[in-house]
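Visitor: Please give me a close look at one part of this model, the pairing of its strands. I would also like to hear about the loops and the core that go with it.

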Amino acid sequence: MRATSVTVAALAAALLLTACTEGGDGDDSQNSTAGSVCRIGEMAVRVGPANTAPAAGDTGNVPVTLTNRGGSECTLDGLPAVAFHAGGTSAAVEPDKAARAKRTTLAEEASTAFTLTYVRGEEGGAKSLAVQTAKISLPGSAETHSFKWSYGDVALKSGGRAPDASVSGFQQTGE
């Protein structure tokens, strides 16, 4: 009786390993049915309404909502990226320390959101970045979506080069 149990367990393990390694090239057909990579050009992008930082040193939050208008489901696998542009200067916004990259599948017309948090800088100050536009990109795609930055100068971190800002991970939205 015991020999039969061990044989059945060994056979089940062999079948499981065979099922996991079929294809050999790392192609996971289950993942490929989850949709293509989400592209910003196929999203409706809504920026705001913001909780604007009223004065230098205050913190503001700018929510960004993305709605899949691509005609089929797509997948976000990672974190959103944001870069501030001021004249000829570009500065990447770092992910929030608590942000976790995760895989999210968006059905057609489904939405997700993330939050851009920033510290307001002193207008025209040496330790501020006079942001004119912000560009958003999604994981796995080089396309960007630009929007006019109307929330004031952004403070620079103590090193003087990186903006005192962060971006959250994608959050579930909807009814």
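Guide: Happy to. Two strands count as paired here if DSSP finds at least two bridges between them. Please keep in mind throughout that this is a predicted model.

Let us begin with strand 1 and strand 4. Strand 4 covers residues 74–78, and two bridges join strand 1 to it in the parallel sense. One bridge to look for is that of Val-37, whose partner in strand 4 is Thr-75. These strands belong to an open sheet of three strands, in the order 1-4-7 and with mixed pairing. Its edges are strand 1 (36–37) and strand 7, each of which pairs on one side only.

From strand 7 (102–106), the chain passes through a loop to strand 8 (111–119), and Glu-109 lies in that loop. Glu-109 is worth a look for its backbone: its phi is positive, about 75°, although it is not a glycine. The relative accessible area of Glu-109 is 43%, so it counts as partly exposed.

Now turn to strand 5 and strand 6, which form a hairpin with two residues between them. Gly-87 sits in the turn and has a positive phi of about 60°. Strand 5 spans residues 81–86 and strand 6 spans residues 89–95; the two run antiparallel and are joined by five bridges. Among the residues involved, Ala-86 has Thr-89 of strand 6 as its bridge partner. Strand 6 also pairs with strand 13 (residues 165–167), this time in the parallel sense and over two bridges. There, Glu-94 finds its bridge partner in Ser-166 of strand 13.

Several of these strands meet again in the core. The largest nonpolar core has 31 residues, and those with the most contacts inside it are Leu-66, Val-82, Phe-84, Phe-114, Tyr-118, Leu-138 and Trp-149. At least two residues of this core come from each of strand 3, strand 4, strand 5, strand 6, strand 8, strand 10 and strand 13. Tyr-118 is a good place to pause: leaving out residues up to four places away in sequence, the residues it touches include Thr-52, Asp-58, Val-62, Trp-149, Tyr-151 and Ala-165.

The loops offer a few more details. Between strand 12 (154–155) and strand 13 lies a loop that holds Leu-156. Leu-156 has a relative accessible area of 15%, and therefore counts as buried. Beyond residues up to four places away in sequence, Leu-156 touches Ala-126, Lys-127, Ser-128, Leu-129, Arg-161, Ala-162, Pro-163 and Asp-164. Leu-156 and Gly-121 are 35 residues apart in sequence, while their C-alpha atoms are 7.3 Å apart in space.

Ser-141 is in the loop between strand 10 (133–137) and strand 11 (145–148). Ser-141 is buried too, because its relative accessibility is 16%, and the cut-off for buried is under 20%. Leaving out residues up to four places away in sequence, Ser-141 touches Cys-38 and Arg-39. In the loop between strand 2 (43–47) and strand 3 (59–68) you will find Pro-49, which a cis peptide bond joins to Gly-48, with omega of about 0°.

Finally, a word on confidence. The chain has a mean pLDDT of 81, with 79% of its residues at 70 or more. Residues 1–33 have a pLDDT below 50, and this stretch has two contacts in the model beyond near neighbours in sequence. Where pLDDT is low, the predicted coordinates should not be read in detail.

Conventions:
Residues numbered from 1 in each chain as written. Predicted model: local features only at pLDDT ≥ 70, side-chain atom pairs only at ≥ 80, totals over all residues. Heavy atoms only, no water. Helix = DSSP H or I, 4+ residues; strand = E, 2+ residues; numbered from the N terminus. Buried < 20%, exposed > 50% of the residue type's maximum accessible area, 1.4 Å probe, protein only. Contact = heavy atoms within 4.5 Å. pLDDT = per-residue confidence, 0-100. Core = buried A, V, L, I, M, F, W, Y, C linked by side-chain atoms within 4.5 Å.
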